Amino acid sequence: MASSRSKTLPPTPNLPDAIASGCVTVNNVEIWYALYGSPLSHQQPPTVFLHGGKISSRWWANQIRHLADAGHSVIAIDTRGHGRSTDDPQVSLSYELFAADITSLLDHLQVPSANFVGWSDGACTCLVLAMSFKHKVNRVFAFGPNYHPNQGIPYAAKSVPFVLDLMNRMKEEYESISPTPEKFDTFKAKVVAMQACSPSWTQEDFSKINWVATNTHQNSPLWVVTGDSEELIQGWVARSISDMIPGSVYLSLPDVSHFAPLQDPEGFNNALDQWLSEKTKG
């Protein structure tokens with residue numbers, strides 16, 4: 001009997017060819033980015049992809065290729081310390097700092113606002129952007145977020161069948177593209193320290209996200225998304241976040257886990273298409 005796709009970790013895809021890429025100095029670090037699809041234009045906000053912890057934008061390659069091929073402007077970013085971006089060893093990592101880096105990068109690219117797709121830590125960064133940098137945010141697709149450190153599933157790593165592959169892949173990929181390939185253990189410890197104490201949000205924090213759909217729920221620009229077989233974050237968390245954001249959409253994707261963008265690219269891409277086709281906030 002074939003295993004459920006939610007129990008698999010497909011190979012990390014390769015990013016498509018970029019129309020431009022580079023590093024920008026922001027907040028004492030170098031942030032790597034790449035542009036795909038249609039050239040940036042003030043007529044249409046680009047879609048920015050924010051990856052999860054201890055990985056890179058490469059993990060979004062299936063979705064980036066899909067939107068770029070459909071004619072969207074797409075920006076991939078490696079979060080500070082991750083992938084090709086550098087880190088400041090004197091500064092702790094935080095979702096707020098990630099968000100500040102991203103807004104500074106967008107200012108450099110002369111992008112007034114964007115759509116944001118985030119995965120795990122990237123989803124948490126999307127929510128910070130919606131709370132604190134809403135002038136930069138057109139819409140949000142937050143996949144696999146949490147809002148408190150205690151919302152992980154206890155001992156989850158022991159029950160994930162591909163955990164060793166995941167850990168090895170994180171290390172090997174970091175060492176292959178990082179400007180400091182010898183510092184994976186230090187980098188990993190900084191990410192783990194951040195995740196151990198954040199995010200820590202309440203209803204008051206989510207009340208800062210005041211997009212309210214005026215028609216049917218499909219008109220909301222903010223979606224909170226999970227997999228129905230989520231194995232790292234407790235299953236009720238995404239619904240709880242959506243409940244605290246009036247007018248947001250909650251979506252559970254079938255037979256996928258925290259790694260849905262790899263496990264079911266077609267289904268994930270279809271959800272992105274629907275999200276992008278709805279009305280923008282007004």
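The largest cavity in this predicted model holds about 60 Å³ of space. To find its walls, look for K54, I55, S56 and W59, then H82 and G83, then R169, M170, E173, Y174 and I177, and finally F187. Together these residues line the largest cavity.

Which helix gives the largest share of this lining? That is helix α5, residues 163–177, which supplies 5 residues. Sorted by class, the lining of the largest cavity has 6 nonpolar residues, along with 3 polar and 3 charged ones.

Now let us move on to the second largest cavity, with a volume of about 50 Å³. Its lining includes L50, H51, G52 and G53. Further along the chain, T79, H82, F98 and I102 also line this second cavity, as do D121, G122 and T125. You may recognise H82, since that residue is listed in the lining of the largest cavity and again in the lining of the second largest.

Two helices are worth finding here. Both α2 (95–108) and α3 (121–132) supply at least two residues of the second largest cavity's lining. Which of the helices gives the most? It is α3, with 3 residues.

What is the make-up of this second lining by class? Here there are 7 polar residues, 3 nonpolar ones and 1 charged one.

To complete the tour, how many cavities of 30 Å³ or more does the count come to? The count comes to 3, and the two described here are the largest, at about 60 Å³, and the second largest, at about 50 Å³.

Definitions and conventions:
Residues numbered from 1 in each chain as written. Predicted model: local features only at pLDDT ≥ 70, side-chain atom pairs only at ≥ 80, totals over all residues. Heavy atoms only, no water. 1 Å grid on protein atoms, 1.4 Å probe; cavity = no way out; pocket = protein on both sides within 12 Å on 5 of 7 lines; lining within 4 Å. Points joined across faces, edges and corners; volume = space filled by probe spheres on them. Helix = DSSP H or I, 4+ residues; strand = E, 2+ residues; numbered from the N terminus. Nonpolar A, V, L, I, M, F, W, Y, C, P; charged D, E, K, R; others polar.
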